[in-house]
Amino acid sequence: MAKGGGLLCVMNDIAPECDRCDYEAWYQRDHVPDRIGIPGFQHARRYRRLNGPHAEFLTFYETATPNVLCSAPYLKRLAEPTDWTARIMAHFRSMSRSICRVALDEGQAGAGGILALMAQQEAPAAGLEVQLAAMLEQPGVTRVRIWRADPTVTMSSPEEKLRPGGDGSFGTIIVVEGTNAEMINAALAAQGVSDPATVYSLIYASPEAPRKEETA
């Protein structure tokens with residue numbers, strides 16, 4: 001994705017009583033198609049945690065610009081959740097929802113099956129972009145990204161009331177993609193990136209949608 005594009009990053013756990021088959025069916029049959037059908041939404045990926053401190057599930061949506069995430073069609077969908085969405089979101093726990101602008105995206109265009117994620121409230125440390133870009137020379141690392149919260153479009157979601165505990169958010173999300181968790185961790189250590197990372201495994205990637213103009 002080009003620098004300056006939009007990104008919605010969602011991390012969540014689910015309650016123990018949630019039917020995981022129902023949860024997966026909802027995401028794949030209802031929620032992802034609903035979001036990808038909104039003008040300006042281009043791509044979605046879903047991950048499940050292998051290890052680390054953040055929530056079990058990670059989902060992110062790429063958009064043409066951050067403004068897509070405050071557009072009228074998107075806000076209308078948020079205000080009118082499906083019955084299935086309302087039922088499933090009652091089981092969401094430890095929810096974070098971060099509306100971001102892409103600050104860095106370098107490496108291969110494809111998706112590595114493993115992703116290491118670091119999230120914080122502060123702005124990226126000086127020199128971080130150089131450190132991350134240097135990781136692309138290491139085996140097993142395919143792509144590096146930084147997503148920064150965009151205060152010009154960040155707003156609460158009407159769906160937040162469906163989720164016990166409400167929504168948190170992060171100011172900076174750092175992502176390193178690759179093919180092997182040990183190699184990614186070694187590359188992070190070699191560059192002196194010491195923040196605790198959560199390692200996720202890819203469970204779904206949507207087809208790339210045709211490029212659509214955002215709706216004001």
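F57 sits out of reach of the solvent for the most part: with a relative accessibility of 3%, this residue counts as buried (buried means under 20% relative accessible area, exposed over 50%, and partly exposed in between, using a 1.4 Å probe and protein chains only). This is a predicted model, where local features need a pLDDT of at least 70 and side-chain atom pairs count only at 80 or more, while totals for chains, interfaces and linings use all residues. Residues are numbered from 1 along each chain as its sequence is written, and side-chain values use heavy atoms, with hydrogens and water left out.

What does F57 pair up with? Searching the whole structure turns up 10 aromatic pairs (rings of Phe, Tyr and Trp, the last by its six-membered ring, pair if their centres lie within 6.5 Å; planes under 30 degrees apart count as stacked, over 60 as edge-to-face, and the rest as tilted). One of them joins Y23 and F57, a tilted pair with 5.0 Å from centre to centre and 50 degrees between the planes. Y23 belongs to helix α1 (residues 20-36) and F57 to strand β3 (residues 57-63), so the pair ties together parts that are 34 residues apart in sequence. Y23 is buried too, at 1% relative accessibility. Both rings are part of one aromatic cluster, made up of Y23, W26, Y27, F57 and F92.

Now for the chain as a whole. There are five helices and eight strands, and along the sequence they follow the pattern β-α-β-β-α-α-β-β-α-β-β-α-β. Helices (H or I, at least four residues) and strands (E, at least two) are DSSP runs, numbered from the N terminus. The radius of gyration is 17 Å, which agrees with the value near 17 Å for a compact globule of 216 residues; this radius is taken over C-alpha atoms, and the globule rule is 2.2 Å times the number of residues to the power 0.38. Along its principal axes, the C-alpha trace spans about 50 × 40 × 30 Å. Of the 216 residues, 49% count as buried. Contacts (heavy atoms within 4.5 Å) reach far along the sequence: among those with a separation of 6 or more, 86% are between residues 24 or more positions apart.

Last comes S206, found in the segment after β8 (198-205). Is S206 buried or exposed? At 6% relative accessibility, S206 counts as buried. Setting aside neighbours within four places in sequence, S206 is in contact with I36, H43 and A44.
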